[in-house]
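Let's take a walk through this complex together. Keep the sequence and the 3D view open as we go.

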Amino acid sequence: MSAKITRISGPVVACDRSELFAMGERVAVGKISLVGEVIRITTEFAFIQVYEDTMELKIGEPVAATGSSIMVELGPGLLTTIYDGIQRPLITLQQQSGDFIARGAAADALNRERIWQFIPSQCVGASLSAGSILGTVQETAAINHKILVPPLLSGRLIYLVEEGGYQLSDVIAKLKTDKGEEHNLYLYQRWPVRTKRPVGKRLTPDLPLVTGQRIIDTLFPIAKGGTAAMPGGFGTGKTVTQHNLAKWCDADVIVYIGCGERGNEMTGVLTDFPNLIDPATGCRLIERTVMIANTSNMPVAAREASIYTGITVAEYFRDQGLDVALMADSTSRWAEALREISGRLEEMPAEDGFPAYLPTRTAEFYERSGKVQTLSGEVGSVTSIGAVSPPGGDFSEPVTLHTQRFVKAFWVLDKMLANARFFPAIHPLDSYSEYAAELGQWWSKLSPQWQQDRDQLLRLLMEADKLQGIIRIMGEEGLSDHQRKIVMAERIIKEGFLQQSAFSPKDRYASPEKQALMLQLIMRRLNQMLDDPSPAAEAVKKFALIELIRLKDDLGSDESDKILSWQGGS
Amino acid sequence: MKDPVIYTQLDRIEGPLIAMLLELSDIGYGEAVQLVDKQGRTRNGRVVLMDGEKVTIEVFQGTAGLAKENMRTRFLGRPITLNLDPSIIGRRLSGMGEPIDGGPPLAGSGRDINGSVINPTARAYPQEFVQTGISSIDLMNTLVRGQKLPIFSSSGLPHDQLAIQIAQQARIRPDLSGHTQDLNDSSKELVVVFAAIGVKHDVAVRFAEEISGRTVSFLNLADDPVMERLLTPRAALTAAEYLAFELGLHVLVILTDMTVYGEALREVASARGDVPSRKGYPGYLYSDLAALFERAGQIKGKKGSITQLPILTMPNDDITHPIPDLTGYITEGQIVLSRDLHRQGIYPPIELLPSLSRLMGDSVGEGYTRNDHLPLMEQLYAAYARRDEVRMMSRIMGEDDLSEIDKCYLKFGKQFEQHFIAQGAGENRSIEQSLAIGWQCLSRLPVREMTRLSKEELAKHQDIWQTSSIGVTD
Ligand SMILES: Nc1ncnc2c1ncn2[C@@H]1O[C@H](COP(=O)(O)OP(=O)(O)OP(=O)(O)O)[C@@H](O)[C@H]1O
Ligand SMILES: [Mg+2]
């Protein structure tokens with residue numbers, strides 16, 4: 001006799017015969033087999049979060065155990081695909097059920113029909129450890145996908161197909177373990193989303209993830225394998241920044257998670273990325289991208305899962321020795337999904353109704369990023385960048401505070417800057433990055449005085465900020481001439497260097513060379529102005545400082561060689 | 001089929017909720033229910049919790065007068081639906097979608113008012129510029145077909161007038177964008193779906209009188225049942241989806257007042273004992289609002305579109321209140337009205353700095369409006385923001401001590417508010433006129449302040465500075 005539904009409350013359902021189930025087990029709920037996961041077991045009942053709308057379910061409908069946990073499929077076919085939070089391919093769902101998503105829809109995450117050209121790189125008889133590379137598949141023009149022995153499995157290779165075209169269902173290799181068991185291997189593997197994939201060892205992130213955004217790369221950089229969070233009220237530029245990073249950062253693979261945000265934003269990614277070219281590889285951006293879209297109106301339980309689906313996919317590409325960047329927009333919506341499920345379980349809330357385990361879960365998520373030596377000895381990384389949407393723009397709320405504890409770069413988006421259409425609205429004084437010191441060396445190769453220039457730039461901003469306080473009380477009259485020059489310098493730095501429009505064709509991406517040389521030029525001119533004996537107003541004209549503001553939009557990254565000799569355009 | 005009518009005793013009555021114990025296993029979660037009390041009065045409800053034999057029902061007309069005994073209950077075996085066919089256009093309906101215009105019952109097939117999620121792969125990215133004739137919107141916060149763009153207002157401000165003006169003036173400019181597929185179609189007027197959620201009688205009358213043309217109205221007025229408000233926007237959006245995606249029409253949905261909707265939701269949530277988050281609103285307020293606002297948009301291969309213009313009043317003029325805050329997190333921008341501008345007699349009192357249209361970046365400029373649109377907008381924003389800083393300074397130290405350039409900014413601000421932001425309630429400006437006024441206002445400032453505009457753009461508009469009264473140039 002199977003278990004039966006005894007209780008239905010929004011996305012949470014309970015059933016009897018709790019002895020049939022394990023925590024975290026995937027179950028089929030109701031006659032139409034909605035996907036669910038067991039999240040609590042009591043003497044009598046098992047509680048299940050259901051990944052689809054529970055409308056029209058009835059008391060007494062069956063709940064069936066599956067014996068496995070929530071898994072994702074990992075293999076060729078991930079790239080260019082857009083999934084929902086539990087890895088159902090949205091394009092396939094559209095083909096099955098039309099423009100609106102139907103309940104109970106099911107589809108394989110990876111296409112079973114498609115034939116992939118597999119090139120083996122091992123020989124039968126080889127003794128293979130977990131994570132070893134069996135061969136490769138050129139998945140897209142951008143990515144040569146390495147087919148791996150699954151983690152936790154090792155042994156002697158007793159069968160390997162020859163080079164040729166194979167489907168995912170074809171056995172491509174057989175492994176015999178020390179205990180004598182034989183395992184079939186395929187072009188793809190499965191992995192439970194809530195478990196992190198094992199690595200050889202963890203390494204210290206020491207190379208920058210170049211994003212092409214000056215305020216990030218120059219002031220608050222993030223390392224490959226690092227973590228960053230971006231808190232900001234509505235409309236301050238979280239999504240545009242995430243999109244910019246997904247477009248221009250120098251990772252090999254992008255995993256973009258739209259977690260509880262707008263449908264049109266994902267449509268935007270789907271329309272833009274096939275037409276944009278990756279400056280590093282010359283390939284279309286979509287060819288290095290996996291998208292996960294669980295928009296705000298899709299079921300909350302699947303929203304909760306989307307983050308794990310995303311990070312597991314990211315880890316899988318990392319295990320191939322690739323640098324992966326993961327964007328999650330917005331982690332606040334994930335936390336709210338946790339809160340909603342927790343509320344339905346009638347758990348005791350901690351702060352603002354969030355469950356007490358919010359900080360633990362947040363830490364676990366960010367801990368899955370990092371630079372690692374993979375099981376097969378290669379170096380790969382997962383960089384995680386999460387948007388945070390604090391209610392009322394108040395940064396003292398639980399999600400912002402807990403996230404801040406677990407990330408090393410913190411980009412604070414400022415409402416006032418956004419209102420003045422000053423983008424990116426990353427606050428230059430409140431933001432920070434713990435990677436800055438480490439990454440300075442990398443930049444010194446592009447411009448020897450880079451570290452010095454950057455530090456001075458920040459110092460000028462800080463001094464000017466203090467002076468702004470005086471101006472507010474006494475007006476500019478209250479300032480000495482030198483102080484006025486500092487205020488002027490602030491304006492040039494902000495408008496001429498920090499500001500960068502996502503819509504400026506020549507400036508939406510700034511190469512490291514462009515950034516380093518602009519910094520050098522601007523700081524040189526500012527120092528000339530500051531040291532010049534003439535009064536502020538005159539000095540500004542003398543060194544054509546206002547003209548400097550236009551430089552960023554006038555010279556593209558391919559014209560960086562003209563920067564140092566730039567004379568103010570036209 | 002099960003016998004739909006059962007007589008039963010209620011187990012509990014609490015706020016808008018009733019609970020009953022039933023042996024029946026044949027009830028679906030979310031199912032629609034009809035209740036007839038001892039006096040023979042009919043009420044509607046839906047199943048919100050099922051626990052063993054206990055079924056909890058949310059009653060839309062409230063529970064006043066209900067007693068535990070002798071309740072006639074009918075489970076309808078389906079979710080709450082709205083019947084739709086082309087004759088819906090022109091109808092006036094209650095907040096639950098029942099005719100109140102004396103006309104016949106609604107015909108056509110019934111549709112679940114909760115709708116379903118548009119697959120993100122099926123959406124067409126909104127890019128069609130809608131000219132509203134209002135400069136602060138068209139030039140500064142462009143409305144795009146298929147967008148959800150709310151008006152954040154406060155009590156006593158002319159949000160109704162603004163919404164009416166937009167509904168009357170909005171049109172596509174096929175002559176600008178070579179992109180519009182069918183010119184004939186776009187010249188047709190919009191169909192307006194109007195949902196009144198707990199608004200006063202006179203507001204509803206005003207909308208009815210002033211929005212000419214083809215309209216469908218769903219009216220839940222201030223003295224109508226509170227819980228019914230949870231259904232009103234859902235019914236309206238179901239009608240809109242039918243008109244847009246099945247009849248191929250361009251639909252403008254006006255939802256007012258979303259704050260009242262949120263309050264109704266809070267009321268049920270607290271009766272249910274849901275864990276409150278901010279200000280007593282339930283944690284799922286965000287998802288609930290998103291389920292409404294995400295029903296705007298366009299679908300690939302379908303002719304129609306749904307553009308949403310929700311109106312909400314900010315309690316205490318507080319934009320960080322949960323309703324405007326969460327709305328801002330879901331919608332594609334917002335038009336914020338200001339009490340300060342209203343007091344100065346400026347109509348429409350649109351406060352530009354916190355206003356935003358997120359879809360504007362990809363929908364204006366060459367091929368959509370004009371290529372100076374985006375930089376001009378940015379320059380006006382930068383200048384207006386700077387004016388705000390200067391004004392704050394001048395309030396502390398007086399205008400006389402300001403530098404020359406700061407004084408220019410004050411003058412610019414005044415001119416901008418009086419000539420650009422302010423316009424008549426019937427004044428319908430073309431985007432070209434708005435652009436021209438925008439340039440004119442900038443000429444109050446020295447050319448060298450124009451750091452957001454390229455030299456080429458400035459060269460094209462040189463003459464404005466030459467004739468400008470200000471005479472400050474380099
Ligand atoms: N780098 C940028 N360059 C130009 N414009 C920008 C930039 N960043 C943001 N914007 C502008 O700000 C608007 C809002 O940005 P965005 O949608 O990213 O906000 P958000 O922080 O994600 O808001 P929400 O939390 O509501 O999703 C954009 O539509 C765009 O007009
Ligand atoms: Mg966003």
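**Starting at the ligand**

Zoom in on Thr239(A): a polar side-chain atom of this residue lies 2.7 Å from an oxygen atom of ligand 1. That is a polar contact, meaning a pair of N or O atoms within 3.5 Å; within protein, one must be able to donate a hydrogen and the other to accept it, and residues adjacent in sequence count only if both atoms are side-chain atoms. Before going on, a word on ground rules: this is a predicted model, where local features need pLDDT of at least 70 and side-chain atom pairs count only at pLDDT 80 or more, while totals for chains, interfaces and linings use all residues. Residues are numbered from 1 along each chain as its sequence is written, chains are lettered from A and ligands numbered from 1 in the order in which they are written, and side-chain values use heavy atoms, with hydrogens and water left out.

Back to the ligand. Ligand 1 sits between chains A and B, with 19 residues around it (a residue counts as near if one of its heavy atoms lies within 4 Å). The closest are Lys238(A), Thr239(A), Val240(A), Ala502(A) and, from the other chain, Arg358(B). Backbone atoms join in too: a backbone N or O atom of Thr236(A) is 3.3 Å from an oxygen atom of ligand 1, and a polar backbone atom of Ala502(A) is 2.8 Å from a nitrogen atom of the ligand.

Now pull back to chain A. The domain assignment, which is automatic or from a database, gives domain 1 (3-69), domain 2 (111-189), domain 3 (201-434) and domain 4 (450-562). Taken over C-alpha atoms, the centres of domain 1 and domain 4 of chain A are 60 Å apart.

Next, find strand E24 (residues 379-388) of chain A, where 9 of the 10 residues are buried, that is, under 20% relative accessible area (exposed is over 50%, partly exposed in between; 1.4 Å probe, protein chains only). Strands here are DSSP runs of E, at least two residues long, numbered from the N terminus, and two of them pair if DSSP finds at least two bridges between them. E24(A) runs parallel to strand E19 (residues 227-231) of chain A, with 5 bridges, and Met230(A) partners Ala387(A) there. Strand E22 (residues 323-329) of chain A is also parallel to E24(A), over 6 bridges, with Ala328(A) matched to Gly386(A). Strand E23 (residues 370-373) of chain A pairs with E24(A) in the antiparallel sense through 4 bridges, and Lys371(A) stands opposite Ser381(A). In the hairpin of E23(A) and E24(A), 5 residues lie between the strands, and Gly377(A) has a positive phi near 90°.

Over to chain B, where an open antiparallel sheet has 3 strands in the order E12-E11-E14. Strands E12 (143-144) and E14 (171-172) of chain B are at the edges with a single partner strand each, so one side of each has no neighbour in the sheet. Phe129(B) has Val144(B) in E12(B) as its bridge partner.

Finally, how far should you trust it? The predictor gives the complex an ipTM of 0.92 and a pTM of 0.94. Chain B has a mean pLDDT of 89 (the predictor's confidence in each residue, from 0 to 100), but pLDDT stays under 50 over residues 470-474 of chain B. Where pLDDT is low, the predicted coordinates should not be read in detail.

Methods:
Contact = heavy atoms within 4.5 Å.
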